[in-house]
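Please look over the sequence and the structure shown here before reading my comments, and keep both at hand as you go through them.

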Amino acid sequence: MTVATRRPPGPKGTWFGGNLSEFRRARLDFFTRCAREYGDFVSLRFGPHRIILVNDPAAIDYVLVGGARSFRKHFALRLNPLLLGNGLLTSEGDFWLRQRRLAQPAFRASRMPAYAESFVGFTQRMLQRWQPGQSVDVLTEMERLTLDIAAKTLFDADVESEARAVGEALRVAQDAFVARFGSALPLPLSWPTPRNLALRRAVHRLDDIVYGIIHQRRRGGEDKGDLLSMLLAAQEEDGERMTDRQLRDECMTLFLAGHETTALTLSWAWYGLSRNAEAEAELAAEVQSVLGGRIPTLADLPRLKFTEMTVLEALRLYPPAYTFGREAIEDCEVGGYPVPKGMTILMSQWVMHRDPRFFAEPLEFRPNRWADGLLHKLPKLVYFPFGAGPRLCIGEKFAMAEAILVLATIAQKYRFTVVPEHPVVPAATFTLRPRNGVKAVLTER
Ligand code: HEM
């Protein structure tokens, strides 16, 4: 075989769907099995899409960082233009770069203290609602909280009354996306299938809310100092303001990317702690010694070390973004294998973060593994919950601060006793979600 046609090994698929049916049956297990059986580079085919699953950190580093110019986001992200449009997550090239630069100031360190007040303030509001002994679904509670926080910090909007509608609409839209990703030949979105109709209704509902916020702000003309104000004030080179449609796409993207992932991180952290009593006790002890009962602020972050390690561990074992990809826009090579233009490279945090080559007892939830600077000792791109390179998550620091402060605020007052009759099972939807939530009883400290 010549080098030019060399392909990594991989599981045999069917002639039509390739490996799609196996993938659909058990998405997470499928990737793990591929990595363990075939190694660092695995050939796959999803319908017409030729894919290499890459499990080698140096090659992942090349795709996301060193060779990033040879790639764009992969086909799956373009499967649902109705929801995200051309926002930061999906846009490309000069347009993406300009939008990224416009949005960046909203995530500057100088803005964090005000955000931190919202993180803690909304958490306290939630705690006032809770009663000791109450049964809750941890995921529902965390989603409601992070949605309120995202609306306030990004758009200075109060969506509390609409939180349920927003949550449901996002779920429908994401389910539609997942179904399309698992289909060899997705039907056009314009066809009136039940799923497409439900998707349209959900997107309309979200549009009403987001356009409502934009129009209200345009009318008010006030600079609230939040992300939306910055985007609204941004002038394009020819002096034109961003259109409502562009604003809508950016707002929708940030709304979606900025709240669910953090809610999941928190839910998985609570779940992990419920399985590790020692870690739970250490968290409580840290919160008591650092805060002594007072409300946390941004200045406490450096001393909330164990709380941070708990978040890092939740992001390791249950990464909300569990697999993502890139598509080659020119012929190139990855790990010595030729990658022709159009080919997709998949990289899986789920696989890498559980790889026994890099993590001892990888399936255990052990925040302490991060104690001696493991984060900096690991080879690059073994642990990448927020991605890497130019498309690194714009909200990384925001999300880390939010997760740590929310965790610390709640841990001062409550712990969760997870109800054993409701097993918690990771499900690979658009993000990594506990399939039936995390049912728990609130236990007062
Ligand atoms: C624990 C929480 C979060 C996780 C695990 C996470 C994960 C990620 C990952 C893996 C990417 C890279 C995707 C790729 O390269 O294809 C990404 C991008 C992005 N994230 Fe996050 N994210 C989180 C929180 C947030 C927050 C709080 C915001 C906003 C407030 C946000 C906004 C974005 C945006 C806009 C992008 C696209 C950036 C670009 O391409 O320029 N994320 N996120």
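The numbered points below move from the whole chain to one sheet and then to one helix.

1. This is a predicted model, and in it the secondary structure of the chain comes to 16 helices and 12 strands. The radius of gyration is 22 Å, close to the 22 Å that the globule rule gives for 445 residues, so the chain is as compact as a globular protein of that length.

2. Taken along the principal axes, the box filled by the C-alpha atoms of the chain is roughly 70 × 55 × 40 Å. Of the 445 residues, 42% count as buried, and among the contacts with a separation of 6 or more, 75% come from residues 24 or more positions apart.

3. An open sheet is formed by 5 strands in the order β1-β2-β8-β5-β3, with mixed pairing. At its edges are β1 (41-46) and β3 (71-73), each of which pairs on one side only, and the twist from one strand to the next averages 35°.

4. Strand β3 pairs with strand β5 (residues 324-328) in the antiparallel sense over 3 bridges; F71 has A328 of β5 as its bridge partner. As background, strands of a sheet pair through backbone hydrogen bonds, either parallel or antiparallel.

5. Helix α7 (residues 138-155) allows a simple check of its length: at 1.5 Å a residue its 18 residues should span 26 Å, and the end C-alpha atoms are 25 Å apart, which agrees. The helix is mostly covered, with 17 of its 18 residues buried, and just after α7 comes D156, which takes a positive phi of about 50°.

Methods
Residues are numbered from 1 along each chain as its sequence is written. This is a predicted model: local features need pLDDT of at least 70, side-chain atom pairs count only at pLDDT 80 or more; totals for chains, interfaces and linings use all residues. Helices (H or I, at least four residues) and strands (E, at least two) are DSSP runs, numbered from the N terminus. The expected span of a helix is 1.5 Å times one less than its number of residues. A residue is buried if 20 or more other C-beta atoms lie within 10 Å of its own, exposed if 12 or fewer, and partly exposed in between; C-beta atoms are placed from the backbone. Two strands pair if DSSP finds at least two bridges between them. Axes are lines fitted to C-alpha atoms, for helices over the stretch in contact, and angles run from 0 to 180 degrees between N-to-C directions. The radius of gyration is taken over C-alpha atoms; the globule rule is 2.2 Å times the number of residues to the power 0.38. Two residues are in contact if their C-beta atoms, placed from the backbone, lie within 7 Å.
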